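Biologist: Could you walk me through this model? I'd like to begin with the sheet and then move on to the aromatic rings.

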Amino acid sequence: MKNLRRKTLAAASAVTLGVGLAVTGGLAPAAAAGPDTTFLVLAPQGANTEKAAARVAAAKGTVVANYDQIGVLVVRSTNPDFATQVAGAGVDSVASTAGLGTALDEGETVEVSAADVASATGDPTKEPLYGQQWDMDMIHVPQAHAVNAGSSNVVVGVLDSGISSTHPDLATQIAKDKSTSCLGGVVDTSETAWNPTTSDHGTHVAGTIAAAVNGVGVTGIAPGVKVAAVKVVNDGGFIYPEAAVCGFMWAATHGMRLTNNSYYIDPWELNCRNDARQRPVWQAVQRAIRYSQSKGVLNVASAGNSNYDLAHKLSDFGSPDDGTPEARENLTNACLDLPAEAPGVVTVSAVGPTGAKSYYSSYGLGVVDVTAPGGDSRFRTAGVRGTTTDQVLSTTFNPVTKTNGWGYKQGTSMSGPHAAGVAALALSAHPGMTPGQLASFLEQSSVAQSCPDGVYNPAPLHPDGPTAYNATCSGGERNSFYGAGMVDAYNAVK
């Protein structure tokens, strides 16, 4: 997830809402075709899409995906008046998603060289690179594996940029029959479609959850479970709302028990459901999340890398910059980080190897549910920001050379899959829990972390400025930095 101090890469465009169509005498001249545009068309809450689909056809649109269970259609149309003409009985709202792509915060990958892999010793009873996986010891993964390393009946959907199906640590771990691309909001189950093309983000996330114990590279938190690639990030590095809706619906209908979501939706950091431009996106995504929960899916999401207090939303500077940046101020808590702040979603903040909040991690009392290792490359000695080992080591895919490997990343994108992996272990050891029960169990099995005293100044030598990442923790045993506490793999299975 991206940092609010960096502008996003996505272009902003106003969302066009459907309004009543006035009937006038005579026929208006046919409008010239416009660009081929994607729309979300929503039927009224609780209604099916039959009437909406009929209106789509009459307005010269083509339904490319029909999520009848939640009353949402994904539509393509070149009709410049589509949004106006489709409105009416059977349609609650309609929104163009043009310009609503959110740039995935890739973060830099520091690759481990072949020589480093060859010379790694680690612990001979584990993986060659395990000695560099400080995150696994922090949450007691070795102790958990001695009890339960995960069940293949548990499948975790990785809604991300795809998973490399040829990676030696992941080839046996992927549920290929449950993997798909959701780009454009349309399912494509071909293996080529759900493999990564321009990003290693999803491959890194998948390795943290379930990299195999095979003597090759690293270990995952739950190497006995399966991961499914649900590709929602396109080749340009953007997530569009229709892809996220598809991803949640795919997980719901294909027996997944968990999803990991290391991204946010909308080109702004916050989706304001009281904003007419953004409300249809909120409604469509929320319907999909709610449906997945009804089918037994617990969704885990990253809190974000903005050092932002999500419990006190005043402004949002993470606006598109493909044009004139738009800073939004005087916001309210009706503006949410999606999917992290959707009801029922487990929201995860990040810590570094010291166990303290990572300098970049967003936070918020009543928003953050748990915390987990995400890495923290802050200074370690005077004048030095850090070393790669302060970050999280996992599986990678080089999109330039098209080769598999291992490397370091940091972010709440990395802490989220730690929580998802621990939840997968918990389900393996204690099957039958509902999403709500599993979320509660994840919190109850976490280890409480205390607030630091006073203003937390984690990075006084950071190039962004000595106070750029200051933050103040609030709350007691459950607090704004760490929620209920650090996830713990052993506590989840013992």
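Modeller: An open sheet of four strands runs in the order 2-3-1-4 with antiparallel pairing, where strands are DSSP runs (E, at least two residues; helices are H or I, at least four), numbered from the N terminus, and two strands pair if DSSP finds at least two bridges between them. This is a predicted model, in which local features need pLDDT of at least 70 and side-chain atom pairs count only at pLDDT 80 or more, while totals for chains, interfaces and linings use all residues. Residues are numbered from 1 along each chain as its sequence is written, and side-chain values use heavy atoms, leaving out hydrogens and water.

Biologist: Which are the edge strands?

Modeller: They are strand 2 (61-67) and strand 4 (93-96), each of which pairs on one side only.

Biologist: And how many bridges join strand 1 and strand 3?

Modeller: Strand 1 and strand 3 (residues 72-77) pair in the antiparallel sense over six bridges, and Phe-39 stands opposite Val-75 in strand 3.

Biologist: Now the rings: how many aromatic pairs are there?

Modeller: The structure holds six, counting Phe, Tyr and Trp rings (for Trp, the six-membered ring) with centres within 6.5 Å, and calling planes under 30 degrees apart stacked, over 60 edge-to-face and the rest tilted. One of them is the tilted pair of Phe-39 and Phe-82, at 4.6 Å centre to centre and 45 degrees between the planes. This pair links strand 1 (residues 37-42) to helix 2 (residues 82-86), with Phe-39 and Phe-82 43 residues apart.

Biologist: Is Phe-39 buried or exposed?

Modeller: Phe-39 is buried, as is Phe-82, where buried means under 20% relative accessible area, exposed over 50% and partly exposed in between (1.4 Å probe, protein chains only).
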